[in-house]
Amino acid sequence: MLLIGMITESVFLLLFIALAVYLAWHLFNLNRLHKWLVNPSKKTPEVFGIWDDVYYQLYQLFKRQRKARRRLTSILNRFQKSTRALPYATIVLNKSNEIEWFNPAARLMFNFNSGMDVGQRIDNLIRQPKFVNYLLKKDFQKPLKFQVNQRQLILNMTPYGDGQYLISARDITSLSQLDDMRRDFISNASHELRTPLTVMTGYIEFLQHNADEQLKVPLDMIQQQTVRMNKIITELIDLAKLESAAAVDFSNVIDIHTLLNDVYNEAIALDQEQHHIELVIENEVPGKELASHLNGSYEELRMAFSNLLTNAIRYTPDAETITLFATSHDTGTTIGVKDEGVGIGYEHIPRLTERFYRVDEGRSREQGGTGLGLAIVKHVLDRHNASLHILSEPGKGSTFCCEFPLNYEEY
Ligand code: ADP
């Protein structure tokens, strides 16, 4: 018994010593691991057993992380280098519109201070009311044009991440100066041409009264061409005026019934009962009052709708129906013209509002068109924050819709 007891006791003692050594070994390795983790390197401590595997796995993880970090740093460096080199001002804003980062072009454009302005709200640094309103409205679909330090700028705001914004701004002063020069040139040339044309028209009328039979036909043709030239010049001057006019005064309220009745009566007089022209003003939302007014320039809108109706008369065979319509709906008001005329091929529609673009030049000329009507319509609508939508099918007819979204005057 005594022998068995002594053997058991010494086994327990041996076991206890082995366990203590094992634990001490682990504690020792844990301590070494802690030291290695503080400053990981390729050189791992001399270990064996499970610790060898632990070091191997940890070192692989560390290597992968280091590689990913290097790649990220290099991407970030490349991004910063390229945005630094961009001629466009680039600014990164956080959720609260505070500046997180900007490139040297932004520093020059807005006189930012690299040390002090990071962390500042952008509207404290760019105080132009146009920019502040743009920022407040949070509608960044269209770029903003505004002036800073006598420079014309165009600015885009792109949302990204979690409520952050990337601003990119470009100096378009020289472009807009060129545009001004082009506009002035067209306007001056048109005005200069008008005086000799008036003199020529006078002489042609005089000659027509006194001409013999032989000269009558050529003189009539000359007179027709001068009328055409006069029309082109008048429309070029109208376009130049639209381009250089001050912004539309949206406090001006226009009664839709009065406006469309004026356009309708003018068209009836021009058409001389060749077509069936109707005026329809309706409401698509039952129980809701028809938007009875528009805000903006009466003369400009009259000119736009008149152009659409004149086109419909021009490109619709006699006796067909033409409708001048106004519809108010949940998202705004649509005013347009629908005809049962020659229609327009799908491929021409995107180019119709370009100056002098015609689908069929011969037909346009024959009908007294100048190729400027839809360019004028587009300009007027742009000035009123409205848009033009064209639906058409060759041989069936066309519908030109001018869309005035709700609160378009506040844009
Ligand atoms: P134009 O003075 O030649 O009519 P516009 O700028 O008003 O010039 O129109 C451009 C072209 O669009 C026209 O030449 C014509 O081909 C086409 N167009 C315009 N309105 C209509 C319409 N209602 N039906 C068919 N084609 C049209």
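The exercises below work through charged residues, a hairpin and a long-range contact in this predicted model.

**Exercise 1.** Determine how Asp179 and Arg183 are placed in helix H6, and whether each is buried or partly exposed.

*Solution.* Begin with the contact itself: Asp179 forms a salt bridge with Arg183, and their closest N and O atoms are 3.9 Å apart, which falls inside the cut-off of 4 Å for such a pair. Next, place the two residues in the chain; both belong to helix H6 (residues 173-210), and because they are four residues apart there, about one helical turn separates them. Then turn to accessibility, where buried means under 20% relative accessible area and exposed means over 50%. With 32%, Asp179 is partly exposed, whereas Arg183, with 16%, is buried. Finally, widen the view: Asp179 and Arg183 belong to a network of salt bridges that also links Asp180, Arg182, Glu243 and Arg355.

**Exercise 2.** Describe the salt bridges Glu299–Arg302 and Arg363–Asp360.

*Solution.* Take the pair of Glu299 and Arg302, whose closest N and O atoms are 3.0 Å apart. These two residues lie in helix H9 (residues 298-314), three residues apart, which is about one turn of the helix, and Glu299 is partly exposed at a relative accessible area of 45%. Now take Arg363 and Asp360, for which the closest N and O atoms are 3.9 Å apart; Arg363 is partly exposed at 34%, and Asp360 is likewise partly exposed, at 36%. The structure holds 17 salt bridges, including the pair Glu299–Arg302 and the pair Arg363–Asp360.

**Exercise 3.** Identify the residues that gather in a patch of positive charge on the surface, and locate Lys67.

*Solution.* The patch is made up of Lys42, Lys63, Lys67 and Arg71. Of these, Lys67 can be traced to helix H2 (residues 50-85), and since its relative accessible area is 63%, Lys67 counts as exposed.

**Exercise 4.** Work out how strands E1 and E2 are joined and paired.

*Solution.* Strand E1 covers residues 89-93 and strand E2 covers residues 99-102, and the two pair in the antiparallel sense over three bridges. One residue pair to inspect is Ile91, whose bridge partner in E2 is Phe102. The strands form a hairpin with five residues between them, and in the turn Asn97 has a positive phi of about 60°.

**Exercise 5.** Compare the separation of His379 and Leu239 in sequence and in space.

*Solution.* In sequence the two are 140 residues apart, but from C-alpha to C-alpha they are 7.8 Å apart in space. His379 lies in helix H11 (residues 373-383) and, at 23% relative accessibility, is partly exposed.

Note on methods:
Residues numbered from 1 in each chain as written. Predicted model: local features only at pLDDT ≥ 70, side-chain atom pairs only at ≥ 80, totals over all residues. Heavy atoms only, no water. Patch = residues over 30% accessible without salt bridge, like charges linked within 9 Å, V, L, I, M, F, W, Y side chains within 5 Å. Areas by Shrake-Rupley, 256 points an atom, 1.4 Å probe, with all protein chains shown as cover. Salt bridge = Lys/Arg side-chain N within 4 Å of Asp/Glu carboxyl O. Lys, Arg positive; Asp, Glu negative; His and termini not counted. Charge placed at Lys NZ, Arg CZ, Asp CG, Glu CD. Buried < 20%, exposed > 50% of the residue type's maximum accessible area, 1.4 Å probe, protein only. Pairing = 2+ DSSP bridges.
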